Amino acid sequence: MSGNHIELKSDTQTKPTAGMREAMAAAEVGDEQGFNDPTVTALVERVAGLFGMEAAVFLPSGTMCNQISAAVHCGPGDEFIAERSSHIVGVEAGGASVLARAAPHPVDGVRGVYTAAQAEAAIRPHTRHAPRSRMICIEQTANLAGGTIWPLERIREIVDVAKRHDLKLHMDGARVLNATVETGVSARDYAAGFDSVWVDLSKGLGCPVGAVLAGSSEFIDAAWRWKQRIGGAMRQAGIIAAAGLYALDHHVERLKEDHDNARHFATLIAPLPGLKVEPEHVDSNIVLIDVSGSGHDGGTWSGKLGERGVRMAPIGPTMLRALTHLDVTRDEVEAAANIFRELSGGELAPV
Ligand SMILES: *Cc1c(COP(=O)(O)O)cnc(C)c1O
C-alpha cells in the first residue's frame, strides 16, 4: 500500500520496509572508500558471487553503473551498440557522450530485444572513416519496451558476436533479478561472457538508494578510478548497503508476485474499449497500455487516473506504463483495473 493512492508509476517508488529500516539502523559501518566498511564489503562480495564475477563495486545509482562501464570500456570516438529504447541511450542525459565520449549506435529490437544478426550488422568496418565499435549493451529486463526478458539463448548469440569481433559486453541488469525469478535462469548464467553487469537495488528490490556493478578485478579497479573521479566514492555507506543485503535476503523471490499482479492487471484491462494491452507479452512487472484507440492521449489518461487515485505516467504520446512492485497489492491492481473500466466506458470512452 502507498497511503491513499495506488502507485503504479514506477517500482522506484517503493519505500523501505520496517525490517529494512531496522537492518539499516543496525548496520556495522566504516569508511567505504578505504574498503573498511564491512557491510559494503559483504554486499559487493555477495553480488559478485551472484553474477559469477571476480569483484564488484557499490554505486549510488544504476545510471552511474552504466556510465562508469561505458567510460571504462569505451574511449573518445568509439561507438556502443544498444537497443533504441534502452536507458543508456535515452534516459541518461547523453552521459556516455560526455564521460566516455562515446556515441550510441541504436538498433531497433522487438520489444527491446534485438538479434545477433542486427548486432553484427551494426558493427563498423575497420576503416579510418568509421567510428570504432567497442561495446555491445543489453538491458535485462528491457524497461521501456515493456519489461521484456531477454531469452538466454539470444544472449548467448550476442555474446558470441561480441567475442568474434573482440567487443566488450555490458549488461544493464537494473531488473535482472526479475528475469531470474521469472525464468529460473541464474544471474550467473545470464551474465556469463559479459565484461560488466549490474543490478539496481532501488527498483523492485525496494531499497532507498544504490546499485552494484560487477566484473573482473581489473574492470572493477578501473571502475573505482571513475567512481572516485566523478564523486561516487562514499564514507559510511554500510547504512545503505545494509538495505541491499536485506533486499537480497527478503525481496527477491517475492518479485514473482509482482509479475503475477502485472499479468493479472493486463488481463483485466485488455478487453476494455480503446485500450491495446498484450497480456501475453507481460514478461515481468511492467505493463504497456496503448491508449491511442481511445482518441485521448496519454497525458489525459494519466491526469484522469490521478484524479481517481491511480498514479501512472505516460512514456509516449499515447503510451502509459504501469509497474507493479513491493508496495502494490493484488487488491490494488484490481481496483486500478476497475477505474480503467469506468473511464473507458465513461469519461474516456473512445471518441
Ligand atoms: C532505472 C534504470 C536505470 C538507472 O538506474 P538509476 O538507479 O535510476 O540511476 C538504468 N537502466 C534501466 C533499465 C533502468 O530501469
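**Exercise 1. Which residues are the closest to the ligand, and how many surround the ligand?**

Before starting, note that this is a predicted model, in which local features need pLDDT of at least 70 and side-chain atom pairs count only at pLDDT 80 or more, while totals for chains, interfaces and linings use all residues. Residues are numbered from 1 along each chain as its sequence is written, and side-chain values use heavy atoms, with hydrogens and water left out.

*Solution.* Begin with the shell, where a residue is near a molecule if one of its heavy atoms lies within 4 Å of it. The ligand is surrounded by 15 residues, and the closest are G62, T63, D172, D200 and K203. Next, sort the shell by character: two residues are nonpolar, seven polar and six charged, with Gly counted among the polar ones and Asp, Glu, Lys and Arg as charged. Finally, α3 gives the most to this shell, with three residues.

**Exercise 2. Find side chains that have an N or O atom at a short listed distance from a ligand oxygen atom, and state how much of the ligand is covered.**

*Solution.* Take the side chains in turn, bearing in mind that a polar contact is a pair of N or O atoms within 3.5 Å. An N or O atom in the side chain of T63 is 2.7 Å from an oxygen atom of the ligand, and for the side chain of N143 the corresponding distance is 2.9 Å. In R175, a polar side-chain atom lies 2.8 Å from a ligand oxygen. On its own the ligand has 380 Å² of accessible area, of which the protein covers 88%, as computed by the Shrake-Rupley method with a 1.4 Å probe.

**Exercise 3. Is S202 buried or exposed?**

*Solution.* First place the residue: S202 lies in the loop between β7 and β8 (211–215). Its relative accessibility is 16%, so S202 counts as buried, given that buried means under 20% relative accessible area, exposed over 50%, and partly exposed in between. The side chain of S202 also makes a polar contact with the side chain of D200, at 3.0 Å.

**Exercise 4. Describe the sheet and explain what sets its edges apart.**

*Solution.* Strands here are DSSP runs of E with at least two residues, and two of them pair if DSSP finds at least two bridges between them. Seven strands form an open, mixed sheet in the order β2-β8-β7-β6-β5-β3-β4. Because β2 (55–59) and β4 (103–107) stand at the edges with a single partner strand each, one side of each is left without a neighbour in the sheet. Within the sheet, β3 (residues 78–83) pairs with β5 (residues 132–139) in the parallel sense over four bridges, and I81 has I136 in β5 as its bridge partner.

Key
A polar contact is a pair of N or O atoms within 3.5 Å; within protein, one must be able to donate a hydrogen and the other to accept it, and residues adjacent in sequence count only if both atoms are side-chain atoms. Buried means under 20% relative accessible area, exposed over 50%, partly exposed in between (1.4 Å probe, protein chains only).
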